[in-house]
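Welcome! Open your viewer, get comfortable, and follow the stops below one by one.

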Amino acid sequence: MQGRQFDPAAISDQGIDEVARQGERVLAWLETAQDDLDQIVGAGETGPDQVKATVDVNGRVLDIVYGPRSTRMDSRELAEETLAAVHVACEDAQRQAHELMREALPGYDPVEANEQFQRLLTDWN
């Protein structure tokens with residue numbers, strides 16, 4: 001599928017101003033919200049009694065717990081289950097961070113903002 005061509009001339013002053021205001025709001029919030037963000041712990045598991053993982057808001061692994069069922073897995077399966085649990089935990093931490101942003105910045109949706117940015121990059125290339 002071919003994207004539209006990025007046309008810098010099509011960007012309005014109003015659009016630039018809105019993006020700038022939104023960016024300023026996000027930066028101001030980030031300066032005050034670091035403690036709240038640091039409290040986020042994402043959790044993920046692959047199944048009952050298998051692999052559980054916790055990560056911080058930056059995706060750093062805090063803990064991995066292997067349940068009784070994990071002892072029956074071969075090393076490859078155990079590695080895959082561990083990565084899957086970490087992936088789910090990272091998604092959970094990201095979801096929590098997005099919720100904090102939505103609460104603090106009414107009208108701002110970090111998921112939509114990221115999608116718009118990705119479309120802009122795609123169109124530009």
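Contact, on this tour, means heavy atoms within 4.5 Å. Keep in mind that you are looking at a predicted model.

**Stop 1: Q50.** Select Q50, which sits in the loop between β1 (41-45) and β2 (51-56). Is Q50 buried or exposed? Its relative accessible area is 18%, and buried means under 20%, so Q50 counts as buried. Now show the side chains of Q50 and T46: a polar contact of 3.1 Å joins them. Next, add V65, Y66, G67, R69, S70, M73 and E81, which Q50 contacts once its neighbours within four places in sequence are set aside.

**Stop 2: α2.** E81 leads us onward, as it is one of the buried residues of α2. Others to colour include T82, A85, V86 and A89. Go to the N-terminal end of α2 and pick D74, which caps it: a side-chain oxygen of D74 lies 3.2 Å from the backbone nitrogen of R76. Then check the helix from end to end. With 30 residues at 1.5 Å a residue, α2 should span 44 Å, and its end C-alpha atoms are indeed 44 Å apart.

**Stop 3: the second largest pocket.** Select Q34, L37, D56, V57, N58, G59, C90, A93, Q94, A97 and H98 to see the lining of the second largest pocket. Two elements, α1 (13-38) and α2 (75-104), each give two or more residues to this lining. Which element gives the most? That is α2, with five residues. About 180 Å³ of space lies in this pocket. Colour the lining by class and you will find five nonpolar, five polar and one charged residues.

Methods. Residues are numbered from 1 along each chain as its sequence is written. This is a predicted model: local features need pLDDT of at least 70, side-chain atom pairs count only at pLDDT 80 or more; totals for chains, interfaces and linings use all residues. Side-chain values use heavy atoms; hydrogens and water are left out. Helices (H or I, at least four residues) and strands (E, at least two) are DSSP runs, numbered from the N terminus. Buried means under 20% relative accessible area, exposed over 50%, partly exposed in between (1.4 Å probe, protein chains only). A polar contact is a pair of N or O atoms within 3.5 Å; within protein, one must be able to donate a hydrogen and the other to accept it, and residues adjacent in sequence count only if both atoms are side-chain atoms. On a 1 Å grid over the protein atoms alone, a cavity is a set of points where a 1.4 Å probe fits but cannot get out, and a pocket is an open set with protein on both sides within 12 Å along at least five of seven lines; lining residues have an atom within 4 Å of a point. Grid points are joined across faces, edges and corners, and a volume is the space filled by probe spheres set on the points. Ala, Val, Leu, Ile, Met, Phe, Trp, Tyr, Cys and Pro count as nonpolar, Asp, Glu, Lys and Arg as charged, and the others, Gly among them, as polar. The expected span of a helix is 1.5 Å times one less than its number of residues.
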